[in-house]
Amino acid sequence: SELIDDFTKMPEKTVLDTIEMRWQGLKILRKRLGDKNLDFKHYGGYELFNSKTEFKICSEKINHFNSIIYKLLGKTNCYSILEPKKLPFKTISGVIFNKYEGQLDSGRMLNNLINLARQFDITILNGICVSEINSLSGSVELLTNNGVFSASKVIVATNGFVNQLLKIKDVNPARAQVLITKPIKNLNIKGTFHYQEGYYYFRNIDNRILLGGGRNLDFKKETTTTEGLNLKIQTQLDELLSNIILPNTSYEVDYRWSGIMGVGSEKKPIIKIVQPNVLAAVRMGGMGIAIGSLVGKLAAKEID
């Protein structure tokens with residue numbers, strides 16, 4: 001359903017390019033770190049439908065999208081229909097399975113990327129707040145809370161926060177609400193699950209359920225760089241968890257938090273020189289893990 005929606009909002013080439021970028025980005029990431037260092041699990045992905053009408057529309061497009069994926073990536077029979085009774089969820093009228101989707105541990109990924117950077121003597125400075133970027137003759141000046149830094153080239157990859165430093169059209173912050181349960185005994189849910197055009201996403205992580213989404217309930221309030229919880233959305237996440245995902249299971253929520261994404265009218269990232277020796281690599285569209293490694297590679301090549 002998310003792809004169908006994308007084709008109504010974006011040019012066909014943009015959608016196809018973004019699909020390919022997801023695949024190529026993950027290939028780079030997996031090759032760079034190795035699946036063990038990502039805790040990569042190839043459990044597949046599931047889209048859940050509670051509307052028979054929407055499920056019918058999407059299921060009739062399966063052959064069309066399988067053809068697209070084959071032409072783009074050489075992968076056969078990506079999507080298929082799955083009987084809802086095979087999954088432990090309530091009030092689900094249809095399921096479409098994506099056999100090529102997987103999941104990884106983003107915290108482990110980040111730690112191992114930092115370790116890899118250290119092996120190449122790359123210095124990572126945390127807690128530095130950049131307030132201004134100025135292109136000079138042959139260099140770039142960064143004004144910060146810890147003095148002035150100078151560089152020959154700068155890549156700004158702060159995604160949803162980019163307009164605090166640069167004026168980039170069509171990049172807006174998008175806050176995402178998330179929660180995770182405490183460990184659940186005998187949890188029989190494995191995979192990544194999408195619901196309502198991808199506005200909701202949940203997955204197992206060890207024996208917990210991580211659930212996020214609901215931004216479509218309050219777009220205006222969630223267009224912000226301020227961290228925080230939206231009660232309206234958190235309430236909806238609780239209802240989805242108790243009524244559909246874990247209807248017959250005892251559980252407790254362990255943590256709730258938010259994160260800031262960068263979105264725009266298109267999902268394809270922006271990778272461009274915005275002033276002499278300064279490049280923006282932003283608008284990940286909620287796909288940063290999938291496409292980030294490729295975006296980094298393309299950004300480095302563009303500014304070289």
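Where does Asn-77 lie? I'll come back to that in point 6, after a walk through the rest of the fold.

1. First, a reminder that what we have here is a predicted model. The protein comes to nine helices and 14 strands, and its C-alpha trace spans about 65 × 45 × 40 Å along the principal axes.

2. On overall packing, the radius of gyration is 21 Å, which agrees with the value near 19 Å for a compact globule because the rule is applied to 304 residues. Of those 304 residues, 41% count as buried. If you take the contacts with a separation of 6 or more, 67% of them are between residues 24 or more positions apart.

3. On the outside, the accessible surface comes to about 16,800 Å². Carbon and sulfur atoms own 51% of that surface. As for charge, there are 40 positive and 30 negative side chains. The centres of the two sets lie 4 Å apart.

4. Now the inside. The largest nonpolar core has 24 residues, and the members that touch the most others are Leu-48, Phe-89, Ile-209 and Ile-245. Several elements give two or more residues to this core: strands S1 (45-49), S3 (94-98), S9 (192-195), S10 (200-205) and S11 (208-213), plus helix H8 (231-245). Helix H8 provides the largest share, six residues. To get a feel for the packing, click on Ile-209: leaving out residues up to four places away in sequence, its contacts include Leu-179, Ile-180, Ile-184, Leu-187, Ile-189, Phe-202, Leu-241, Ile-245 and Leu-246. Among the other residues that Ile-209 touches are Thr-181, Arg-203 and Asn-204. Apart from this core lies another one, of 16 residues, with Phe-55, Ile-62, Ile-68 and Ile-96 among them.

5. Helix H2 (residues 12-33) is worth a look through two of its residues. Thr-14 is found in this helix, and Thr-14 counts as buried because its relative accessibility is 10%, with the cut-off at under 20%. Neighbours up to four places away aside, Thr-14 touches Glu-266 and Lys-268. The C-alpha atom of Val-278, 264 residues away from Thr-14 along the chain, is separated from that of Thr-14 by 24 Å. Leu-16 is in helix H2 too. Setting aside its neighbours within four places in sequence, Leu-16 is in contact with Phe-7, Ile-68 and Leu-72. Ile-68, as it happens, is one of the residues of the 16-residue core. Between the C-alpha atoms of Leu-16 and Lys-232 there are 34 Å, with these positions 216 residues apart along the chain.

6. Last, two backbone oddities, and the answer to the opening question. Most residues other than glycine have a negative phi. Asn-77 has a positive phi, near 50°, and is not a glycine. Asn-77 lies in the loop between helix H5 (62-73) and strand S2 (79-82). It counts as exposed, because its relative accessibility is 53% and the cut-off is over 50%.

7. Asp-39 is the other one: it is not a glycine, yet its phi is positive, about 55°. You'll find Asp-39 in the loop between helix H3 (35-38) and strand S1. Is Asp-39 buried, exposed or partly exposed? Its relative accessible area is 23%, so Asp-39 is partly exposed.

How values were computed. Residues are numbered from 1 along each chain as its sequence is written. This is a predicted model: local features need pLDDT of at least 70, side-chain atom pairs count only at pLDDT 80 or more; totals for chains, interfaces and linings use all residues. Side-chain values use heavy atoms; hydrogens and water are left out. Helices (H or I, at least four residues) and strands (E, at least two) are DSSP runs, numbered from the N terminus. The radius of gyration is taken over C-alpha atoms; the globule rule is 2.2 Å times the number of residues to the power 0.38. Buried means under 20% relative accessible area, exposed over 50%, partly exposed in between (1.4 Å probe, protein chains only). Contact means heavy atoms within 4.5 Å. Accessible areas come from the Shrake-Rupley method with a 1.4 Å probe; for residues, only the protein chains shown count as cover. Lys and Arg count as positive and Asp and Glu as negative; His and the chain ends are not counted. The place of a charge is taken as NZ of Lys, CZ of Arg, CG of Asp or CD of Glu. A nonpolar core is a set of buried Ala, Val, Leu, Ile, Met, Phe, Trp, Tyr and Cys residues joined through side-chain atoms within 4.5 Å.
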